[in-house]
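New to this one? Have a look at the chain below, turn it around a little, and then read on.

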Amino acid sequence: MPLSDDIPEWKALRDTLSDLVARAGAAAAAVIDESNNIWCAWPVAPTVLPLAARFAEREMAARSGPPLRRGGRLRVARPAAPPEDSYLAESFGGIYMLVLWFKGPFDADFQRARLRRELPRIEAQTVALPPPDGPEAGEGAARMRVP
């Protein structure tokens with residue numbers, strides 16, 4: 001079964017992202033893994049799909065450090081003016097990134113502090129997700145954390 005509102009863990013993560021977007025004055029938020037798979041987003045795709053693709057191209061493809069699952073970290077703030085993408089991202093849990101997109105420039109220090117306060121709850125909710133293809137597919141997001 002795909003992740004949806006029928007899955008309480010997914011709904012809780014989606015609601016957390018929705019609340020974060022509202023409080024941060026952001027345009028969108030998503031939990032993305034290092035392969036650019038979107039685990040959860042607000043607003044729900046298709047709005048986030050092109051943003052995530054551009055984020056992966058700009059930030060992930062150009063990375064020169066170790067991959068996230070091998071101890072690499074991603075921490076980036078790009079408070080750009082339109083038409084450029086404006087975003088803040090922080091890695092967590094070994095392979096995941098929380099990305100907030102804004103409609104224009106933002107206070108990077110203030111928004112980073114907000115994002116970091118939310119990361120423990122978002123990480124717990126992410127690893128609690130069941131596997132999107134059903135229980136026989138593995139152990140959900142927590143399974144993906146094992147190298």
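What follows is a walk through the fold, from the overall layout to the sheet, the helices and the charged pairs.

A word on the ground rules: this is a predicted model, so local features need pLDDT of at least 70 and side-chain atom pairs count only at pLDDT 80 or more, while totals for chains, interfaces and linings use all residues. Residues are numbered from 1 along each chain as its sequence is written, and side-chain values use heavy atoms, with hydrogens and water left out.

Let's start with the big picture. The protein chain has four helices and five strands, where helices (H or I, at least four residues) and strands (E, at least two) are DSSP runs numbered from the N terminus. Going along the sequence, you meet them in the pattern α-β-β-α-β-β-β-α-α. The protein chain has 147 residues, and 46% of them are buried. Here buried means under 20% relative accessible area, exposed means over 50%, and partly exposed is in between (1.4 Å probe, protein chains only). Among contacts with a separation of 6 or more, 54% are between residues 24 or more positions apart; a contact means heavy atoms within 4.5 Å.

Now find the sheet. In what order do the five strands sit? The open sheet reads β2-β1-β5-β4-β3, with antiparallel pairing; two strands count as paired if DSSP finds at least two bridges between them. In general, strands of a sheet pair through backbone hydrogen bonds, either parallel or antiparallel. At the edges are β2 (38–42) and β3 (75–78), each of which pairs on one side only. Neighbouring strands here are turned by 15° against each other on average, direction ignored. That angle is one between axes, which are lines fitted to C-alpha atoms (for helices, over the stretch in contact), and angles run from 0 to 180 degrees between N-to-C directions. For a closer look, pick β1 (residues 28–33): four bridges join β1 to β2 in the antiparallel sense, and Ala 30 has Ala 41 in β2 as its bridge partner.

Next, the helices that lie across those strands. Helix α1 (residues 8–24) crosses β1, β2 and β5 (96–102), and runs at about 45° to β2. α1 has 17 residues and spans 24 Å from its first C-alpha to its last, close to the 24 Å expected at 1.5 Å a residue; that expected span is 1.5 Å times one less than the number of residues. Which residues of α1 are buried? They are Trp 10, Leu 13, Arg 14, Thr 16, Leu 17, Leu 20, Val 21 and Ala 24. Viewed down the axis of α1, these buried residues fall within an arc of 155°, so they line one face of the helix. The arc is that of the directions from the helix axis to the C-beta atoms. The buried residues of α1 pack against β1, β2, β5 and α3 (108–127), whereas Pro 8 and Ala 22, on the other side of α1, are exposed. Right after α1 comes Gly 25, with a positive phi near 70°.

Helix α2 (residues 48–60) lies across β1, β2, β3, β4 (86–92) and β5, at about 115° to β5. Its buried residues are Val 48, Leu 51, Ala 52, Phe 55, Ala 56, Glu 59 and Met 60. They cover an arc of only 135° around the axis, which puts them on the same side of α2. What covers them includes β1, β2, β3, β4 and β5.

Finally, the charged pairs. Side chains of opposite charge can pair when their charged atoms come close. There are eleven salt bridges in the structure, a salt bridge being a side-chain nitrogen of Lys or Arg within 4 Å of a carboxyl oxygen of Asp or Glu. One of them joins Asp 15 and Arg 14, with the closest N and O atoms 2.9 Å apart. Asp 15 is partly exposed at 32% relative accessible area, while Arg 14 is buried at 10%.

Another salt bridge pairs Arg 54 with Asp 85, at 2.6 Å between the closest N and O atoms. This pair links distant parts of the chain, 31 residues apart: Arg 54 is in helix α2, and Asp 85 is in the loop between β3 and β4. Arg 54 is partly exposed, with a relative accessible area of 42%, and Asp 85 is buried, with 16%.

Then there is Glu 90 with Arg 75, whose closest N and O atoms are 3.8 Å apart. Glu 90 lies in strand β4 and Arg 75 in strand β3, so the pair ties together parts that are 15 residues apart in sequence. Last stop: Asp 19, Arg 23, Glu 118 and Arg 121 are joined into one network by salt bridges that share partners.
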